[in-house]
Amino acid sequence: MASLRSSSVIGSVAYSSSCCSRRGTTRATINMPKLRTGGLSLKLPARDFVPEVLDMGPGLSAATTSHVEKKYESSTNRNSHSLGSNVSDPLVIAKLHAIMEAVADRVEMHQNIGEQRDKWNSLLLTSINAITLTAATMAGIAATSVGGPLLALKTSSTLMYLAATGMLVVMNQIQPSQLVEEQRNAARLFKQLHGRIQTTLSSGNTTSSDVEDAMKKVLALDKAYPLPLIGVMLEKFPEIVEPAVWWPQHRQRLGKPMKRRDGNGWSVELEEEMREVVGVLKRKDTEDYLRLGKIALKVNKILSISGPLLTGIAACGTAFMGSSHGSWAAMVGVVAGAMASVVNTMEHGGQVGMVFEMYRSNAGFFRLMEETIESNLNEIDVERRENGELFEMKVALHLGRSLSGLKNLAAASSYASSEKGEAIEEFASKLF
């Protein structure tokens with residue numbers, strides 16, 4: 001705009017000068033634009049202020065610097081105070097690291113002992129079967145012998161049967177395959193605890209309650225899956241089959257329920273859904289695995305009694321070889337020894353003890369889920385619960401279901417119990 005106006009002014013000057021030159025008079029007219037002065041306001045410092053500033057000299061910089069330092073220190077103190085509330089206590093962090101190291105050591109111990117006891121199972125099974133079959137073979141050969149060879153073969157076969165009987169009694173008492181499954185479960189659960197402690201440390205907000213909770217979980221796992229065999233070994237043939245328990249008891253706050261049931265991701269619908277899931281877990285999953293555990297325990301008892309009994313009968317049969325009932329004694333010695341080998345293979349080769357421990361652990365897993373859900377529902381303050389949406393997702397993942405599948409399960413259970421008065425046939429878990 002300024003360039004156009006200047007060019008027009010120059011053009012008008014040139015035109016008027018040319019016209020006036022012809023007339024003998026030279027005129028130049030420049031029309032300047034009018035400036036608006038009302039929109040601008042310039043405030044200058046008072047005249048008396050400038051000498052004061054100039055007279056202060058270094059004092060001005062000193063006063064200004066001290067004022068800035070005071071503001072910086074106050075802001076720094078506020079920031080450090082706000083950050084200090086979120087920073088964990090170094091002693092708490094050190095304790096959690098110590099617990100985490102102990103947990104990692106337990107993981108390695110349970111893995112090593114589990115491998116050792118797995119080798120026990122395979123070596124004892126192979127050795128006892130070899131001894132039993134060798135004794136049966138010697139009994140068969142002795143039936144066709146007379147004199148000195150008969151006595152030697154009969155004595156050797158009897159001694160081998162007796163040795164196999166003693167080894168079977170010990171093996172059936174400790175159940176190596178069940179011990180291996182216990183160590184597998186312990187190693188897996190200690191690894192899980194190690195990961196949770198790492199997650200707690202990475203969050204940067206640890207408290208003394210985290211240390212106490214981790215200690216309780218470690219001690220509960222040590223009690224549930226002991227390493228020694230003498231004195232503290234788990235009962236392999238319990239009178240009552242119960243789920244495995246490897247967690248500390250959940251604390252429940254007693255008090256009147258609050259009217260407010262929503263917040264922190266929780267709602268009335270979510271609470272009803274979780275109650276239906278707990279009902280299905282109790283009626284179907286936990287009961288079914290306890291039933292299967294009882295069957296496995298009965299089979300294991302029968303096999304553990306039959307093996308040593310057959311080898312003992314075989315030893316008695318070979319001891320009476322060469323008498324008036326020598327043929328029957330030889331047949332009993334050979335047949336009982338062969339059957340003992342089959343029973344031993346079915347029990348320890350089929351790892352019936354491991355199957356029983358697996359069913360017991362699965363029932364314990366569902367019992368843990370029941371207690372976890374109930375402890376959250378019984379918490380009167382919803383803000384002290386775990387976040388409802390996160391908790392629902394965890395339950396769905398543990399059961400191998402999607403969120404919509406979990407809701408459908410709860411709806412089907414609610415409909416079956418209210419309309420038909422019966423429990424649904426569907427299991428809560430789709431993993432196992």
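**Group meeting: a walk through an all-helical predicted model**

Let me begin with the contacts: among those in the chain between residues at least 6 apart in sequence, 82% join residues at least 24 apart. I should say at once that this is a predicted model.

The secondary structure comes to twelve helices and zero strands. Read from the N terminus, the elements accordingly run α-α-α-α-α-α-α-α-α-α-α-α. The chain has 432 residues, and 36% of them count as buried. Its accessible surface comes to about 26,200 Å², and carbon and sulfur atoms account for 61% of that area.

I turn next to helix α9, which spans residues 326-349. Which residues form a nonpolar patch on the surface? They are Trp328, Met331, Val335 and Met339, and together they have about 430 Å² of accessible area. Trp328 lies in helix α9. With a relative accessible area of 57%, Trp328 is exposed, because the cut-off for that class is over 50%.

Ser341 also has its place in helix α9. Is Ser341 buried or exposed? Its relative accessible area is 8%, and buried means under 20%, so Ser341 is buried. Leaving aside neighbours within four places in sequence, Ser341 is in contact with Asn129, Thr132 and Leu133. With Asn129 there is also a polar contact between the two side chains, at 3.5 Å.

Now to the backbone, and to two residues in loops. As a general point, most residues other than glycine have a negative phi. Gln175 has a positive value, with phi near 50°. Where is Gln175 placed? This residue is in the loop between α5, residues 148-174, and α6, residues 176-203. Gln175 is buried, with a relative accessible area of 0%.

The second residue is Asn264, whose phi is positive at about 55° although Asn264 is not a glycine. Asn264 is found in the loop between α7, residues 208-224, and α8, residues 268-319. Is Asn264 buried, partly exposed or exposed? Its relative accessibility is 23%, and the partly exposed class lies between 20% and 50%, so Asn264 counts as partly exposed.

My last topic is the aromatic residues. How many aromatic pairs does a search of the whole structure find? The search finds eight. Take the rings of Trp266 and Phe391: their centres are 5.8 Å apart and their planes are at 35°, so the pair is tilted. This pair links distant parts of the chain, with Trp266 in the loop between α7 and α8 and Phe391 in helix α11, residues 388-398. The two residues are 125 apart in sequence. As for burial, Trp266 is buried at a relative accessible area of 3%. Phe391, at 4% relative accessibility, counts as buried as well.

The structure also has an aromatic cluster formed by Tyr289, Tyr359, Phe365, Phe366 and Phe432.

To close, I return to two residues of helix α9. Trp328 is exposed and belongs to the nonpolar patch, whereas Ser341 is buried and has a side-chain polar contact with Asn129. In the loop between α7 and α8, Asn264 has the positive phi, and Trp266 pairs with Phe391 of helix α11. Thank you.

How values were computed: Residues are numbered from 1 along each chain as its sequence is written. This is a predicted model: local features need pLDDT of at least 70, side-chain atom pairs count only at pLDDT 80 or more; totals for chains, interfaces and linings use all residues. Side-chain values use heavy atoms; hydrogens and water are left out. Patches are made of residues with over 30% relative accessible area and no salt bridge: like charges are joined within 9 Å, nonpolar side chains (Val, Leu, Ile, Met, Phe, Trp, Tyr) within 5 Å. Accessible areas come from the Shrake-Rupley method with a 1.4 Å probe; for residues, only the protein chains shown count as cover. A salt bridge is a side-chain nitrogen of Lys or Arg within 4 Å of a carboxyl oxygen of Asp or Glu. Helices (H or I, at least four residues) and strands (E, at least two) are DSSP runs, numbered from the N terminus. Buried means under 20% relative accessible area, exposed over 50%, partly exposed in between (1.4 Å probe, protein chains only). A polar contact is a pair of N or O atoms within 3.5 Å; within protein, one must be able to donate a hydrogen and the other to accept it, and residues adjacent in sequence count only if both atoms are side-chain atoms. Contact means heavy atoms within 4.5 Å. Rings of Phe, Tyr and Trp (its six-membered ring) pair if their centres lie within 6.5 Å; planes under 30 degrees apart count as stacked, over 60 as edge-to-face and the rest as tilted.
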